[in-house]
Amino acid sequence: MSGAINDLCRRSPGLVGSAIVRKLQALGFTNLVLRGHAELDLTRQNDVESFFAVEKPQFVILAAAKVGGIHANNTYPADFIAVNLQIQTNVIDASYRFGVKKLLFLGSSCIYPKFAPQPIPESALLTGPLEPTNEWYAIAKIAGIKMCQAYRIQYNWDAISGMPTNLYGPHDNFHPENSHVLPALMRRFHEAKVKGAKEVVVWGSGSPLREFLHVDDLADGVVFLMENYSGLEHVNVGGKEVTIKELAELVKEVVGFEGELVWDSSKPDGTPRKLMDSSKLAGLGWTPKISLKDGLVDTYKWYLGNVKQ
């Protein structure tokens with residue numbers, strides 16, 4: 001893969017965009033075209049078209065999106081569907097019309113039905129109702145996949161889509177109220193260690209199975225797909241499957257919390273298992289390389305140096 005790589009992600013360093021930039025820089029790319037939100041609003045069609053007309057990137061990795069947890073999706077459904085549709089439509093269409101050679105659109109595992117088979121194959125898309133708590137975001141992401149497919153069918157243009165599982169790593173969201181399970185556990189164990197607490201209570205039994213992928217592995221997978229895949233169907237990018245109990249115990253060990261881990265089994269567990277079937281990507285020759293423990297150590301180092309206590 002040669003020529004200009006344009007990673008259309010917020011420069012205010014996000015989890016995915018910053019990892020892709022790190023990976024490309026490590027591979028020796030120096031001609032990265034980056035814009036922050038203050039410099040380029042991807043929801044504004046004229047601004048996006050002007051950017052493409054001037055910069056003329058050869059490759060585009062579309063990682064930009066409006067994201068949030070359950071509360072945000074429930075509170076701002078119009079924002080989640082409209083902003084994401086605007087970003088995707090503007091960037092994908094301008095990429096085609098201004099001569100981009102290849103585009104990779106990044107989605108999310110939430111595109112799949114709530115009761116999809118486990119592990120979830122790519123073919124499960126649009127086979128059942130979505131999880132209601134994030135359907136606005138999911139529908140926008142599904143539209144992005146279908147837009148890439150439509151442009152490939154009609155224009156024979158090389159647009160592909162990758163669907164990552166749950167991501168973690170440097171630049172993750174460690175907010176005490178709206179972060180996901182892994183960064184939330186890391187923050188809770190760290191704060192308990194600092195305060196000298198005797199125990200940390202975690203909801204549920206710890207039995208549900210979840211899948212996690214270090215964001216640097218995702219970045220490696222993104223480059224692999226850009227170099228090795230040009231197909232119509234989207235591709236799952238999965239990680240390591242563990243129980244929540246195994247995850248919590250490993251985070252506790254990495255953080256160095258010496259108190260007790262208590263499970264509150266009166267609280268709900270949620271979905272018993274959520275795992276993506278990544279056999280298609282493995283068949284192409286790519287699997288994740290970063291162990292969960294090594295990934296947690298890396299993430300905790302970043303947390304200590306960057307998150308206000």
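Helices (H or I, at least four residues) and strands (E, at least two) are DSSP runs, numbered from the N terminus. This is a predicted model: local features need pLDDT of at least 70, side-chain atom pairs count only at pLDDT 80 or more, and totals for chains, interfaces and linings use all residues. Residues are numbered from 1 along each chain as its sequence is written, and side-chain values use heavy atoms, with hydrogens and water left out.

Start with the whole chain. Its secondary structure comes to 10 helices and 10 strands. The C-alpha trace spans about 60 × 40 × 40 Å along its principal axes. The radius of gyration is 20 Å, which agrees with the value near 19 Å for a compact globule of 309 residues. That radius is taken over C-alpha atoms, and the globule rule is 2.2 Å times the number of residues to the power 0.38.

Now look at packing. Of the 309 residues, 49% count as buried. Buried means under 20% relative accessible area, exposed means over 50%, and partly exposed lies in between (1.4 Å probe, protein chains only). A contact means heavy atoms within 4.5 Å. Among contacts between residues at least 6 apart in sequence, 82% join residues at least 24 apart.

The accessible surface comes to about 14200 Å². Carbon and sulfur atoms hold 53% of that surface. Areas come from the Shrake-Rupley method with a 1.4 Å probe; for residues, only the protein chains shown count as cover. The chain has 32 positive and 33 negative side chains. The centres of the two sets lie 2 Å apart. Here Lys and Arg count as positive and Asp and Glu as negative, while His and the chain ends are not counted. The place of a charge is taken as NZ of Lys, CZ of Arg, CG of Asp or CD of Glu.

Turn to strand 3, residues 102–106. Five of its five residues are buried. In a regular strand the side chains alternate between the two faces of the sheet. In strand 3 both faces are covered. Lys 102, Leu 104 and Leu 106 are buried on one side. Leu 103 and Phe 105 are buried on the other.

Strand 3 has a parallel partner in strand 2, residues 59–62, with four bridges joining the two. Two strands pair if DSSP finds at least two bridges between them. Val 60 has Leu 103 of strand 3 as its bridge partner. Strand 3 also pairs with strand 4, residues 158–164, in the parallel sense over five bridges. There Lys 102 is matched with Asp 158 of strand 4.

Next, follow the chain beyond strand 3. A loop lies between strand 3 and helix 5 (135–155), and Pro 119 is found in this loop. The peptide bond from Gln 118 to Pro 119 is cis, with omega near -10 degrees. Leu 126 has its place in the loop between strand 3 and helix 5 as well. Leu 126 is not a glycine, yet its phi is positive, at about 65 degrees. Most residues other than glycine have a negative phi, and most peptide bonds are trans. Leu 126 is exposed, with a relative accessible area of 54%.

Pro 129 also lies in the loop between strand 3 and helix 5. Its relative accessibility of 63% counts as exposed. Not counting residues up to four places away in sequence, Pro 129 touches Pro 113 and Lys 114. His 71 is 58 residues from Pro 129 in sequence and 20 Å from it in space, C-alpha to C-alpha.

After helix 5, stop at Asn 156, in the loop between helix 5 and strand 4. Its phi is positive, near 55 degrees, and the residue is not a glycine. Asn 156 is exposed, with a relative accessible area of 67%.

Now move to strand 7, residues 209–214. Five of its six residues are buried, so strand 7 is largely enclosed by the rest of the structure. Strand 5, residues 166–168, runs parallel to strand 7, joined by three bridges. Tyr 168 has His 214 of strand 7 as its bridge partner. Strand 9, residues 240–243, pairs with strand 7 in the antiparallel sense over four bridges. Leu 209 is matched with Thr 243 of strand 9.

End in helix 10, residues 292–306, which holds Thr 299. Thr 299 counts as buried, at 0% relative accessibility. Not counting residues up to four places away in sequence, Thr 299 touches Tyr 168, Gly 169, Pro 170, Phe 174, Met 186 and His 214. Tyr 168 and His 214 are also the bridge partners that link strand 5 to strand 7.
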